[in-house]
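Please open the structure in your viewer and keep the selection tool at hand. The tour below goes stop by stop, saying what to select and what is there.

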There are 2 protein chains.
Amino acid sequence: MIRVLLAEDMHLIRGALVALLGLEPDMEVVSEVSSGDAAVSEALRHRPDVAVLDINMPGDIDGLAAAAVLAERLPDCRVLILTSLGRPEMLRRALSAEVRGFMLKDAPPAELAGAIRRVAGGERVMDPQLAAAAITGRRNPLSPREVEVLRVAAEGAEPAEIASRLHLTKGTVRNYLGTIVTKLDARNRLDAVRIATEADWL
Amino acid sequence: MIRVLLAEDMHLIRGALVALLGLEPDMEVVSEVSSGDAAVSEALRHRPDVAVLDINMPGDIDGLAAAAVLAERLPDCRVLILTSLGRPEMLRRALSAEVRGFMLKDAPPAELAGAIRRVAGGERVMDPQLAAAAITGRRNPLSPREVEVLRVAAEGAEPAEIASRLHLTKGTVRNYLGTIVTKLDARNRLDAVRIATEADWL
């Protein structure tokens, strides 16, 4: 019997996934939760073989952060990320968080159980198209500080406000914004925010 | 027997929802599709009692546009929108498209079958909290032309490019952008894009 923990914040979707896994004779959902925090605490309590985690969940930590914590505190529990975010940067972050599997919500439903079995058996499971995109695609060219500046700019703040929030001078902020626009090949600040948002760099 | 059509683009989620509805003795999923276009053509072929439609789907028409077509061409088929977009503007648009039900993907799973039964029986089903927000919330203050201008600006275009794409003068575009920033109480153009995007006005 493979003991599964399921973390998905949309209650109805979670229930539907439990119904789907209920069709498998060799699997048992031992815990279902709706946040990254609950995924960690429930996993420590139930010690599942596989934790199936959504990425976007409310609370202090998302699915990827929960995966990183589990990799450290419960190494025998393998993590399978199940997400609608089929974007290379997400796969990259998942692999850094030591997840064993990365599956998209638009995969054929019959493949979920197979992926859980393979991950439980110690294999890696990955969407091959997304893996190819993550290998060949563009990496984030921004420094952590530049990301920080752009994140505040994305909220609509003017340079003066960005400067005061990040304890920088207005001139420094203008320099950062100029560098960011150049590095991203953007037409302007708004375009830079759009490019970075679409690439999951913010 | 209530005959149900299910339109949801994420294959695995669709399969899970079918598994969930499979637990109900009085329901039968007669068709499952992954786009708004397919929802319309399959509904015309199978004539289901209820069409359960996601909003965001690939293809020419989304779930709301499909609902509007069905309301006209297949008035006996009731539409229940099932979405993760719990935002007032979406409910407003859904009601304009004459849907009978609007349900969020984070509702308790047991409520889906109940909602389908009530919609099939001619009742309206609506998330009450979202209904309240849609009634009291702010309406889109922008004219269709202003929305058009802001949409191109959101792609990162400078006024000159917006002007040429929309066959306006650069001065007119600047005037529009000024009006938009004022109407939205925004700090700048980027802030206006953020406000309008978060409110689903773009």
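**A tour of two chains**

Begin by selecting residues 3–120 of chain A, the span that an unreviewed UniProt entry annotates as "domain: Response regulatory"; bear in mind throughout that this is a predicted model. Over residues 3–120 of chain A, 45% of the chain is helix and 22% is strand, while the C-alpha atoms at the two ends of the span are 9 Å apart.

Next, move the selection to residues 135–200 of chain A, where UniProt, again in an unreviewed entry, places the feature "domain: HTH luxR-type". This span is 68% helix and 0% strand, and its end C-alpha atoms lie 16 Å apart.

Now show chain A and chain B together, and consider how one copy maps onto the other. Chain B is superposed on chain A by a rotation of 180° with 0.0 Å of shift along the axis, the RMSD being 0.0 Å, and the two copies are thus related as by a two-fold rotation axis. To find where chain B comes closest to this rotation axis, select Ala16(B), whose C-alpha is 2.4 Å from it. Both copies use the same surface, since 100% of the contact residues of chain B recur in chain A.

The next stop is the interface itself, for which you may select the 35 residues of chain B that are in contact with 35 residues of chain A. The area buried between chain B and chain A is about 2,700 Å², and carbon and sulfur atoms give 69% of it. Which three residues supply more than any other three of the area that chain B buries against chain A? Select Leu12(B), Arg187(B) and Leu190(B), which together supply 25% of that area.

Stay with Arg187(B) and add Glu161(A) to the selection: the two form a salt bridge, with their closest N and O atoms 2.5 Å apart. The count of salt bridges between chain B and chain A is two, and there are 18 residue pairs in polar contact between these chains, counting pairs with both residues at pLDDT 80 or more.

Finally, colour the side of chain B that touches chain A by its elements: helix H1 (11–21), strand E5 (101–104), helix H7 (144–154) and helix H10 (189–198) of chain B each supply at least two residues of it. H1(B) gives the largest share, eight residues. If you colour by class instead, this side of chain B shows 20 nonpolar, five polar and 10 charged residues.

Methods:
Residues numbered from 1 in each chain as written. Chains lettered and ligands numbered in written order. Predicted model: local features only at pLDDT ≥ 70, side-chain atom pairs only at ≥ 80, totals over all residues. Heavy atoms only, no water. Contact = heavy atoms within 4.5 Å. Buried area = accessible area lost by both parts, 1.4 Å probe. Salt bridge = Lys/Arg side-chain N within 4 Å of Asp/Glu carboxyl O. Polar contact = N/O pair within 3.5 Å; in protein donor to acceptor, adjacent residues only side chain to side chain. Helix = DSSP H or I, 4+ residues; strand = E, 2+ residues; numbered from the N terminus. Nonpolar A, V, L, I, M, F, W, Y, C, P; charged D, E, K, R; others polar. UniProt positions renumbered as here; feature names shortened; annotations may be inferred. Least-squares fit on C-alpha atoms with pLDDT ≥ 70 in both.
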